[in-house]
Amino acid sequence: MKIDSVKFRSGGLHYAGVRFAPESLRPRRPALLMLHGFPGAEKNTDLARALAARGWVCFLPHFRGSWGSSGLYSFSGILKDARIFWRRLQKDPQVNPGRMAVLGFSLGG
């Protein structure tokens, strides 16, 4: 299993996150976008590890203003960020864009 720190820029903001994936690049994999709740301590990495071990790519990005992403955390920013994260995951070369899902926890749901 590969666990990578993810950093990227979009709309003038810097985003951070974590990507869990199988080692092999082929075939293209199903993917799960995992959206966390109000910034606290839980990031649901246990579920991401279990799914990556079963062949999924899991992307756990951090909303603006949380855990290393720039900007101010806001309720209105969550929806904007979720769209940015979804498009980012679609472009992942290991992901099958026709087999993607989203899972939100607490406020991220």
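# Exercises on side-chain contacts and surface patches

Phe38 sits in the loop between strand E3 (29–35) and helix H1 (45–52). The model used in these exercises is predicted.

**Exercise 1.** Decide whether Phe38 is buried or exposed, and state which nonpolar patch on the surface includes Phe38.

Solution.
- Step 1. The relative accessibility of Phe38 is 57%.
- Step 2. Exposed means over 50%, so Phe38 counts as exposed at 57%.
- Step 3. Phe38 forms a nonpolar patch on the surface with Phe75 and Leu107. Together these residues have about 350 Å² of accessible area.

**Exercise 2.** Classify the aromatic pair of Phe8 and Tyr15 as stacked or edge-to-face.

Solution.
- Step 1. The structure holds eight aromatic pairs.
- Step 2. In the pair of Phe8 and Tyr15, the ring centres are 5.3 Å apart and the planes stand at 25°.
- Step 3. Planes under 30 degrees apart count as stacked, so the pair of Phe8 and Tyr15 is stacked.
- Step 4. Phe8 and Tyr15 are both buried.

**Exercise 3.** Classify the aromatic pair of Phe59 and Phe85 by the angle between the planes, and find where in the chain Phe59 and Phe85 lie.

Solution.
- Step 1. For Phe59 and Phe85 the distance is 6.3 Å centre to centre, with 80° between the planes.
- Step 2. An angle over 60 degrees counts as edge-to-face, and the pair of Phe59 and Phe85 is edge-to-face.
- Step 3. Phe59 belongs to strand E4 (residues 57–61) and Phe85 to helix H2 (residues 75–90). They are 26 residues apart, and the pair links distant parts of the chain.
- Step 4. Both Phe59 and Phe85 are buried.
- Step 5. One aromatic cluster is formed by Phe8, Tyr15, Phe38, Phe59, Phe63, Tyr73 and Phe85.

**Exercise 4.** State how many salt bridges there are, and work out which residues are joined into one network by salt bridges that share partners.

Solution.
- Step 1. The count comes to three salt bridges.
- Step 2. In the salt bridge between Asp4 and Arg19, the closest N and O atoms are 3.6 Å apart. Asp4 is in strand E1 (residues 2–10) and Arg19 is in strand E2 (residues 13–21), so this pair ties together parts that are 15 residues apart in sequence.
- Step 3. Asp4 is partly exposed at 26% relative accessibility, whereas Arg19 is buried at 12%.
- Step 4. Asp92 also forms a salt bridge with Arg19, with 2.6 Å between the closest N and O atoms. Asp92 lies in the loop between H2 and strand E5 (95–104), 73 residues apart from Arg19. Asp92 and Arg19 are both buried.
- Step 5. Arg64 and Asp81 meet in a salt bridge at 2.7 Å, N to O. Arg64 lies in the loop between E4 and H2 and Asp81 in helix H2, so parts 17 residues apart in sequence are tied together.
- Step 6. Arg64 counts as buried at 16% relative accessibility, and Asp81 counts as buried at 0%.
- Step 7. Salt bridges with shared partners join Asp4, Arg19 and Asp92 into one network.

**Exercise 5.** Name the residues of the patch of positive charge on the surface, and describe the accessibility of Arg87.

Solution.
- Step 1. The patch gathers Lys80, Arg83, Arg87, Arg88 and Lys91.
- Step 2. Arg87 is found in helix H2.
- Step 3. The relative accessible area of Arg87 is 44%, so Arg87 is partly exposed.

Key. Residues are numbered from 1 along each chain as its sequence is written. This is a predicted model: local features need pLDDT of at least 70, side-chain atom pairs count only at pLDDT 80 or more; totals for chains, interfaces and linings use all residues. Side-chain values use heavy atoms; hydrogens and water are left out. Rings of Phe, Tyr and Trp (its six-membered ring) pair if their centres lie within 6.5 Å; planes under 30 degrees apart count as stacked, over 60 as edge-to-face and the rest as tilted. Buried means under 20% relative accessible area, exposed over 50%, partly exposed in between (1.4 Å probe, protein chains only). Helices (H or I, at least four residues) and strands (E, at least two) are DSSP runs, numbered from the N terminus. Patches are made of residues with over 30% relative accessible area and no salt bridge: like charges are joined within 9 Å, nonpolar side chains (Val, Leu, Ile, Met, Phe, Trp, Tyr) within 5 Å. Accessible areas come from the Shrake-Rupley method with a 1.4 Å probe; for residues, only the protein chains shown count as cover. A salt bridge is a side-chain nitrogen of Lys or Arg within 4 Å of a carboxyl oxygen of Asp or Glu. Lys and Arg count as positive and Asp and Glu as negative; His and the chain ends are not counted. The place of a charge is taken as NZ of Lys, CZ of Arg, CG of Asp or CD of Glu.
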